[in-house]
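Q: Please take me through a close look at one part of this structure: a place where two neighbouring elements pack against each other. I would also like to see how that part sits within the whole.

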Amino acid sequence: MWRPPEFREAPRMTQRKRSRSIRNAAIVGVSTALLGVTAPVTASAAGGSTTDALTWSACEGTGLDPRQECATLDVPMDYADPDGPRIEMAVSRIPAEKPDARRGALLLIAGGPGGSSLNDPSGKGQKLPQDVRDTHDLIGFAPRGLAPSTPADCGLEYGDLATSRLRPWPAPDGSVDGNMTTARRMADACARNGGELIKHLSTANEARDIDRLRAALGERRISAWGVSYGTYVGSVYAQLFPHRTDRIVLDSVDNPDPALVNRAWLAAHERGVEDTFPHFAAWASKPGNPDRLADRAADVRPLFLRLAARLDREPIPWPGANPEELNGNVLRQTMLDSFAAPGRYPTLARLMRAAAEGTVPPAPQAPPEAVLQNVAAVGAGVLCNDVAWPKGAAGYEKDVAESRAKYPLTAGMPRNAMLCAAWPYPPREAPVRITDRGPSNVLLVQNERDVNTPLAGALRMREALGRRAVMVTVDSTGHDSYLANGNACGDATVSRFLATGQRPGSDVYCD
């Protein structure tokens, strides 16, 4: 699910100075978006070894494994015009640690849209079991539009870079009028400043870029570990290029409903919060917890709802923050962010305590504006280009009212209008429908309590993939299951599959 990622400086390319413009095209500005294409890439991307397409050299940046190498790959901006303008895709790798035992490449696919795995060979990739690192090159990349790949930028107003604007909340009374006004302003900015690239950001195009990367690596088949939105990217890749896949792990799984796609992911938050709140309430009422909020778990939910309602009526000034007030929707957004991992629970508890006292903590430090602009543009382009969103306010008002009544914790946000409600570009192709046609080489791993990609959506993906997949359901709380917020049973099952190809014979539950 799209959420602004934590800022990490991306490694830069040293083998040649990266062009910050789109080559072979007179395009002014940078942007984010979707490219709809009418036909999948086949022979041109799937052909023989083209290892000379990548020139590897040391990455610039701090905190990286010295073995990590970086390169850039040219890909078509518009796959419907493969001989037209090109854009750059930044990639990285750490080679297999035992070359004589090397099996192939494992692609790390980040969440988002707007997330990058460029640093992941040095980061989360090093958490993988030794036998996986011995036998696989670890491959990262910055998706199209995301720096240091050819970057996209909508030139949004600074205030619109707040999470509560990018993923907006209804007004306290449930109105969406303000959201529609904001959506038109933000969509206009993307159309005005985004250039041609903004029209060619999409999940399907990211999958096509991945196959260009596979071919450039000289691999006939590629393995992948996709997380969150990366599970949708991975499933679309496996659908478009089924026989180019080796071992595919989908971790914290998106709902693949082709009629909804991105709206389904947003709507999932209402269910995800309900699944997770009881776990938070038990933690927040536990004796001895320094951030304890109540004596009983049953008291935490009404406390949260009262605080949010009070902040709707009486926001607290919060200088230095964006927005510069602690209102009910900021508290609700903090809840969503904090539920991504139990280790973040104290952030919500301390903000609730401060709100109850009429105070605020120090304003959180935001990433540099240029990073926020880039991530926002990529997220907006992909979300809005993948599928057509309703344009009129009436439908959103109805959906928001229903959501607020049934799921008061999220106050209607998951079904609200965002800038896609005013997006000027129609989708260039229908969303890729995930089916059971293809090799049986997919393993899903999913926590029971996941605020961003709830179990219900993962079950939809499991159903869509049919015989191609086996699913591991983990009795755990938090987003990102494998090697993060899952449990030892789930981790061992995924590690065994990546190392040996052995999957459970049927779906399993890890208690």
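A: Happy to. A helix axis here is a line fitted to the C-alpha atoms over the stretch in contact, and the angle between two axes is taken between their N-to-C directions, on a scale from 0 to 180 degrees. Please keep in mind that this is a predicted model.

With that in hand, let's go to helix α9, residues 328-338, and helix α10, residues 345-357. Their axes lie 8 Å apart, and the angle between them is about 160°. Angles over 145 degrees count as roughly antiparallel, so α9 is roughly antiparallel to α10. The crossing of this pair is left-handed.

Which residues make the contact of α9 with α10? On the α9 side they are Leu 331, Thr 334, Met 335 and Ser 338. From α10 come Tyr 345, Thr 347, Leu 348, Leu 351 and Met 352. Sorted by character, six of these contact residues are nonpolar and three are polar, while none is charged.

Thr 347 is a good residue to zoom in on. It lies in helix α10 and is one of the residues that this helix brings to the contact. If we leave aside residues up to four places away in sequence, Thr 347 touches Thr 334 and Ser 338, both of which are on the α9 side of the contact. There is also a distance to look at here: the C-alpha atoms of Thr 347 and Met 335 are 8.7 Å apart, with the two positions 12 residues apart in sequence numbering. Is Thr 347 buried or exposed? Neither label fits, because its relative accessibility is 48% and it counts as partly exposed.

A second helix pair makes a nice counterpoint. Helix α5, residues 203-217, and helix α6, residues 229-240, have axes that come within 9 Å and cross at roughly 65°. Since 65 to 115 degrees is the range called roughly perpendicular, α5 is roughly perpendicular to α6. The crossing of α5 and α6 is right-handed, whereas that of α9 and α10 is left-handed. In α5, the residues that meet α6 are Thr 203, Ala 204, Glu 206, Ala 207, Arg 208, Ile 210, Asp 211 and Arg 214. Their partners in α6 are Tyr 229, Tyr 232, Val 233, Val 236, Tyr 237 and Leu 240. This contact divides into nine nonpolar residues, one polar and four charged, while the α9 and α10 contact has no charged residues.

Now for the stretch of chain just before α9. Pro 323 sits in the loop between β9 (316-317) and β10 (325-326), and the peptide bond leading into it from Asn 322 is cis, with omega near 5°. A cis bond with omega near 5° also joins Ala 147 to Pro 148, in the loop between β6 (136-142) and α3 (163-166). Such places catch the eye because most peptide bonds are trans, just as most residues other than glycine have a negative phi.

On the phi side, two residues are worth a visit. Ser 252, in strand β8 (residues 245-253), has a positive phi near 65°. It counts as buried because its relative accessibility is 1%. Asp 480 has a positive phi too, near 70°, and is placed in the loop between β12 (469-477) and α14 (481-485). With a relative accessible area of 24%, Asp 480 is partly exposed.

Finally, the wider setting of our helix pair. The protein chain holds 15 helices and 13 strands. It has 511 residues, and 59% of them are buried. Of the contacts between residues at least 6 apart in sequence, 80% join residues at least 24 apart. The accessible surface is about 19,200 Å², with 51% of it belonging to carbon and sulfur atoms.

Glu 97 gives an example of a residue that meets others distant in sequence. From its loop between β4 (86-94) and β5 (104-109), Glu 97 touches Arg 67, Gln 126, Gln 130, Arg 133 and Asp 134. Its C-alpha atom is 9.2 Å from that of Val 132, which is 35 residues away along the chain. Like Thr 347 at 48%, Glu 97 counts as partly exposed, in its case at 29% relative accessibility.

Terms used: Residues are numbered from 1 along each chain as its sequence is written. This is a predicted model: local features need pLDDT of at least 70, side-chain atom pairs count only at pLDDT 80 or more; totals for chains, interfaces and linings use all residues. Side-chain values use heavy atoms; hydrogens and water are left out. Helices (H or I, at least four residues) and strands (E, at least two) are DSSP runs, numbered from the N terminus. Angles under 35 degrees count as roughly parallel, over 145 as roughly antiparallel, 65 to 115 as roughly perpendicular and the rest as oblique. A crossing is left-handed if the near helix is turned anticlockwise from the far one by less than a right angle, and right-handed if clockwise. Contact means heavy atoms within 4.5 Å. Ala, Val, Leu, Ile, Met, Phe, Trp, Tyr, Cys and Pro count as nonpolar, Asp, Glu, Lys and Arg as charged, and the others, Gly among them, as polar. Buried means under 20% relative accessible area, exposed over 50%, partly exposed in between (1.4 Å probe, protein chains only). Accessible areas come from the Shrake-Rupley method with a 1.4 Å probe; for residues, only the protein chains shown count as cover.
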